[in-house]
Amino acid sequence: MKTQKPSGKSQICQTVVDLPPSGIRKFFDLVATMEGAISLGVGEPDYVTPWHIREAAIHSIEKGYTMYSSNSGTPELRGAVSAYLAGRYKVNYDPTAEILITTGVSEGLDLVMRAILNPGDEVIMADPAYVSYPACVCLAGGKAVRVPTRVEDGFELRAENIEPYITKKTRAILLGYPANPTGAMIKRDKLVKIAQLAKRRGLLVISDEIYARLVYGVDEVCFASLPAMQETTVLLGGFSKTYAMTGWRLGYACGNKEIIAAMTKIHQYTMLCAPIMAQKAAVEALKNGEISINEMVEDYNRRRLLMVKGFNNIGLNCFEPRGAFYTFPSIKSTGMTSDQFAEKLLKEEKVVVVPGTAFGPSGEGYIRCCYATSMTEIEEALGRIHHFLKKHA
Amino acid sequence: MLKDILKLLEKDARSSHKQIATITGLPEKEVAASIRKAEKDQVILKYKAIVNWDKVEDDHVYALIEVKVSPQRDVGFEAIAERIYRFPQARSVYLLSGTFDLLVIVEGKSMQEAANFVSQKLAPVEGVQSTVTHFMLKKYKEDGEIIGSKEELKREPLQP
Ligand SMILES: Cc1ncc(COP(=O)(O)O)c(C=O)c1O
């Protein structure tokens, strides 16, 4: 039977109609038809999950772990997450009530927004920011409030810049450092200022710390570990980047009992639970994954240095990122917009980069390039970009 | 700093001085000098490729030989080990703990050639009590590299 569309009326709800399309959609189609393209447009590690972690999952399947787990995740994994956070950051979360295992930080973001926002409530975030941040806020009926960040400030969101954007409707500040797309980090003293501001104005802080372990020459700070911040922080953590586990779809959310209970309520109706084999693998990752992390971080760091220096050498000013695996060079000297630059570069030189504007208006004049790719490809891509720059000089 | 350079070279012996300079933050000249010195001091012994000979039609046979020896007064195992490692057919020679003393890895063009080396050269060395030869049937992994099928990255080229 054919479903009849009521004439002239869209079947799609207004919220989704109004949701802006992804800024990189058109590039997908271009790339798909192209051979020999080098991609700096990825957003995940170039490692396969370390074998000992894969092996743990295989073993769990052999043992028959193929069922639902408890809604909030296996007690074993919640315990392991709690122990990991206590050991590394000295924050103590009760595994029975303050930790929820999610299908990636992606789900964690969606749950926290749906759990805390009333229609029209505002969430403050940096601009540029990871694409899901504003989208999750909108889908939950809230309003994303973007605070521009600048290269002069190392793309940090600063307390004094946040304050003017706080209104009666503001519910939360969403932080994501180390940051996608800029690779920026915020030092402890500046985070403390944000913490004090949030306390003073009664705001919740949501801290996406998915890239926390990918830092170079600086120490990561767990926002919940700042003085008196644990109660009013929702910590989102994941396995995707740290352990090269993007395909497993696993993460966790930690916070006070009330918020975690609310998030769990939504999760139990909409997701039921995270995949059990991924949870089994994650326990192994937390217990024995440190060696693999160190090796991967050393390897990312080499390529980070190569790419940053490379961009500066060919005349694209590149801010030195201290975290994640992205560089965010400025292309302002070319006179092109980010979008034009990315499209021309792809068509003429077959190098895939993501225009900064995909992450918000303040990304104009920048492109995001990921260095989670081989040194050979990085050098080849830099060579092609150099050629492109000379051609359009 | 030398350690950083060595680690990079161990991962990829073909890293250029320029690459190494960028990554370590040292001037290129200094990198070149450190490498020259490491070569001279025999910290770096040699640069070579890990070859998957199975892919090139070439006859290669490897044998692992357990060697029991009688250690000699004052020099222990050193003299016998030297007698053995001087043969070019002995690709690697290790002194081990356990039920035998030396492990010798021999490379030859054929099983016959390797066997001849053992019976005609190795076994007759003075002080060698006995040998047990194991022919290698297949190499799965060498020096940390999986031989044969490399895991390919199955990534989408564009992600937010
Ligand atoms: C900042 C940031 N947060 C969250 C995610 C999503 O992570 P997950 O795989 O845990 O859903 C990504 C993925 O690119 C990201 O860059």
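The following exchange goes through a predicted model, taking up a sheet, a ligand site and the dimensions of one chain.

Colleague: What makes S2 and S4 of chain A the edge strands of the sheet?

Modeller: The open sheet of chain A has 7 strands in the order S2-S8-S7-S6-S5-S3-S4, with mixed pairing. Strand S2 (99-102) and strand S4 (143-148) each pair on one side only, and are therefore called edge strands. Neighbouring strands of this sheet are turned by 20° against each other on average, with direction ignored.

Colleague: How do you know that S3 and S4 of chain A count as a pair?

Modeller: A pair needs at least two bridges, and strand S3 (residues 122-127) is joined to S4(A) over 6 bridges in the parallel sense, so the two strands count as paired. As for individual residues, A:Ala126 has A:Val147 in S4(A) as its bridge partner.

Colleague: Why is the approach of A:Val105 to the ligand called a polar contact?

Modeller: The cut-off is 3.5 Å between N or O atoms, and a backbone N or O atom of A:Val105 lies 2.7 Å from an oxygen atom of the ligand, so this pair qualifies. For A:Lys241, an N or O atom in the side chain is 2.6 Å from a ligand oxygen atom, which therefore also falls within the limit. A polar side-chain atom of A:Arg249 lies 2.7 Å from an oxygen atom of the ligand. Of the 410 Å² of accessible area that the ligand has on its own, the protein covers 94%.

Colleague: Which residues are the closest to the ligand, and what makes up the shell by class?

Modeller: The ligand lies between chains A and B, and 13 residues surround it, the closest being A:Val105, A:Ser106, A:Asp208, A:Ser240 and A:Lys241. Sorted by class, the shell holds 6 nonpolar, 4 polar and 3 charged residues. Helix H5 (residues 104-116) of chain A supplies the largest share of the shell, with 3 residues.

Colleague: How do you know that the radius of gyration of chain B departs from that of a compact globule?

Modeller: For 160 residues, a compact globule would have a radius of gyration near 15 Å, whereas chain B has 21 Å, so the chain does not match the value for such a globule. Along its principal axes, the C-alpha trace of chain B spans about 65 × 40 × 30 Å.

Colleague: What pattern does chain B follow along the sequence?

Modeller: Chain B contains 5 helices and 6 strands, which follow one another in the pattern α-α-α-β-α-β-β-α-β-β-β.

Terms used:
Residues are numbered from 1 along each chain as its sequence is written. Chains are lettered from A and ligands numbered from 1 in the order in which they are written. This is a predicted model: local features need pLDDT of at least 70, side-chain atom pairs count only at pLDDT 80 or more; totals for chains, interfaces and linings use all residues. Side-chain values use heavy atoms; hydrogens and water are left out. Helices (H or I, at least four residues) and strands (E, at least two) are DSSP runs, numbered from the N terminus. Axes are lines fitted to C-alpha atoms, for helices over the stretch in contact, and angles run from 0 to 180 degrees between N-to-C directions. A residue is near a molecule or strand if one of its heavy atoms lies within 4 Å of it. A polar contact is a pair of N or O atoms within 3.5 Å; within protein, one must be able to donate a hydrogen and the other to accept it, and residues adjacent in sequence count only if both atoms are side-chain atoms. Accessible areas come from the Shrake-Rupley method with a 1.4 Å probe; for residues, only the protein chains shown count as cover. Ala, Val, Leu, Ile, Met, Phe, Trp, Tyr, Cys and Pro count as nonpolar, Asp, Glu, Lys and Arg as charged, and the others, Gly among them, as polar. The radius of gyration is taken over C-alpha atoms; the globule rule is 2.2 Å times the number of residues to the power 0.38.
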